[in-house]
Amino acid sequence: MRTELEDISEVEYRQLRLERVVLVSVWTSGTQEDADNAMAELKLLAETAGSEVLEALVQRRSQPDPATYIGRGKVEEVADVVRATGADTVICDGELQPAQLRNLEDRIKVKVVDRTALILDIFASHAKSAEGKAQVELAQLQYLKQRLRGWGGNLSRQAGGRAAGGAGIGGRGPGETKLETDRRRIHHRIAQLRRRLREMDVTREGKRAERRRNRVPSVAIVGYTNAGKSSLLNRLTGAGVLVEDALFATLDPTTRRTETRDGRVFTLTDTVGFVRHLPHDLVEAFRSTLEESTTADLLLHVVDASDPDPEGQIAAVRQVLAEIGASDVPELLVCNKADRADATTLLALRAGHPGCVVVSARTGHGLEELADAVEARLPNPEVWVETLIPYSRGDLMDRIHRTGTIETLEHTGEGTKVRARVHPGLAEELGEYGV
């Protein structure tokens, strides 16, 4: 979004309007349908960032041009389209090198943004918590520090009084250039943000340790952005999390406690959505948040069954999970938005992924089947015990209900007689009340 200033008589007002953009993509592999899906996703990303898409251009090449990303003829075509439409910005579907950015801006004469900068901009506009804002700023600075040369020639001037004229204190000799000063400040700010995120991670780790100590199983909801993860969390727990039909609406993980039908307590965590070619700097910055997935007992992998390419979503999410070390965590595939999906697509998903559960978070279809599947896959306590617990030890009964599986329960004059399966630590505490 940008603000345009105009004067009318003596009153200055701001007219807010959408940034007008042209999309550019290089099609290097895959089918025409793959290229169309990639361009449709780029259009959604651009609109989420607050822009009006005027035109989209695709070039078929074996690999991007090392100097300008697209070929020389296509650069001239893009420049003509920009002039004809009055576009403000060109968005490229790829991560551009600093030289490619600079060359394109010099030839097209408008701002050029790559896919990575676009995603970072969306994250920056959606971050709400202190941790989310710090993570996004860290990713943006890591991206920017490699591209300082690509943002204008003024960054190479020397600092000092009248340095440009070769005079003044600090203007003689090599000195420190403006570029070096900016780079030093960025490194200093990155160190500050990493220190702050480590402090925040101590709190998050403390909560994880508390859940581990109480033997509370954890389930993390992962999946492609806008697949319906927050809607599913709300349906399963009544969490009241913000739900929007927008990309990256959730950046801050939300954890809610719920229980199975047999009374076992577990936690459900809604995590940040993934996307194809998720920027590496973003994965690094959000590593502490994404660790909720690596430490979970079960991953609910939510896929939008109504998307034109659900298999591409599944592959993209599993690639990011492998990057953060969560590929070995047990996974339950959940095909969401069944009310809007094509029947043929649902059949193909069921055939390609045996054991997947088809649901609709909007209508509630399939949620009972999902609850049964989650309950069956949660880790079960290991030790059978038969105890007679005095009524004065209600705390022990509470822990059996929360973390164990009760087979029989009988109230007697001396206390509560229980046969249950519990974890070894609790079984040891119950030893003195064994029958």
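**Exercise 1. In this predicted model, determine the order in which the strands of the 4-stranded open sheet are arranged, and which of them are edge strands.**

Solution. Begin with the order, which reads E4-E3-E5-E6 across an open sheet of 4 strands whose pairing is parallel. Next look for the strands that pair on one side only, and these are strand E4 (51-60) and strand E6 (111-114), the edge strands. From one strand to the next, the twist averages 25°. Turning to a single pair within the sheet, strand E3 (residues 19-27) and strand E5 (residues 89-92) are joined in the parallel sense over 4 bridges, and Leu 23 stands opposite Ile 91 in E5.

**Exercise 2. Find which strands of this sheet helix H1 and helix H2 touch, and give the direction of each helix relative to a strand.**

Solution. Take helix H1 (residues 32-48), which packs on the sheet by touching E3, E4 and E5, and whose direction makes about 155° with that of E3. Helix H2 (residues 72-85) also packs on the sheet, where it touches E3, E4 and E5, and its direction makes about 160° with that of E4.

**Exercise 3. Describe how H1 packs against helix H4, and decide how their relative orientation should be classed.**

Solution. Two packed helices are described by the angle between their axes and the distance between the axes. For H1 and helix H4 (residues 115-126), the angle is about 40° and the axes are 9 Å apart. Because this angle falls in none of the ranges for roughly parallel (under 35 degrees), roughly perpendicular (65 to 115) or roughly antiparallel (over 145), H1 is oblique to H4. The crossing in which H1 passes H4 is left-handed. Finally, list the residues that make the contact: Glu 41, Leu 42, Leu 45, Ala 46 and Thr 48 come from H1, while Arg 115, Leu 118, Ile 119, Ile 122 and His 126 come from H4.

**Exercise 4. Work out the order of the strands in the 6-stranded open sheet, and say what lies across it.**

Solution. The order is E8-E9-E7-E10-E11-E12, and here the pairing is mixed. The edge strands, each pairing on one side only, are E8 and strand E12 (357-358). Within this sheet E7 and E10 run parallel and are joined by 5 bridges, with Ile 221 standing opposite Leu 300 in E10. Helix H12 lies across E7, E9, E10, E11 and E12, and runs at about 170° to E11.

**Exercise 5. Is Ser 230, a position with a UniProt annotation, buried or exposed, and what covers the buried residues of its helix?**

Solution. According to the unreviewed UniProt entry, the annotation "binding site" covers Ser 230 and Thr 250. Ser 230 is placed in helix H7 (residues 229-237). Since its relative accessible area is 9%, Ser 230 is buried, the cut-off being under 20%. The buried residues in H7 are Lys 229, Ser 230, Leu 232, Leu 233 and Asn 234. What covers them includes strands E7, E8, E9, E10 and E11, together with helix H12 (367-377).

**Exercise 6. Establish whether Val 302 is buried or exposed, and which residues Val 302 touches.**

Solution. Val 302 is found in strand E10, and because its relative accessibility is 1%, Val 302 counts as buried. Leaving out residues up to four places away in sequence, Val 302 touches Ile 221, Val 222, Gly 223, Tyr 224, Ala 227, Lys 229, Leu 232, Val 334 and Asn 336. One of these partners, Ala 227, is 75 residues apart from Val 302 along the chain, yet their C-alpha atoms are separated by 6.3 Å.

Definitions and conventions: Residues numbered from 1 in each chain as written. Predicted model: local features only at pLDDT ≥ 70, side-chain atom pairs only at ≥ 80, totals over all residues. Heavy atoms only, no water. Pairing = 2+ DSSP bridges. Helix = DSSP H or I, 4+ residues; strand = E, 2+ residues; numbered from the N terminus. Axes fitted to C-alpha atoms, helices over the stretch in contact; angles between N-to-C directions. Contact = heavy atoms within 4.5 Å. UniProt positions renumbered as here; feature names shortened; annotations may be inferred. Buried < 20%, exposed > 50% of the residue type's maximum accessible area, 1.4 Å probe, protein only. Left-handed = near helix turned anticlockwise from the far one by under 90°.
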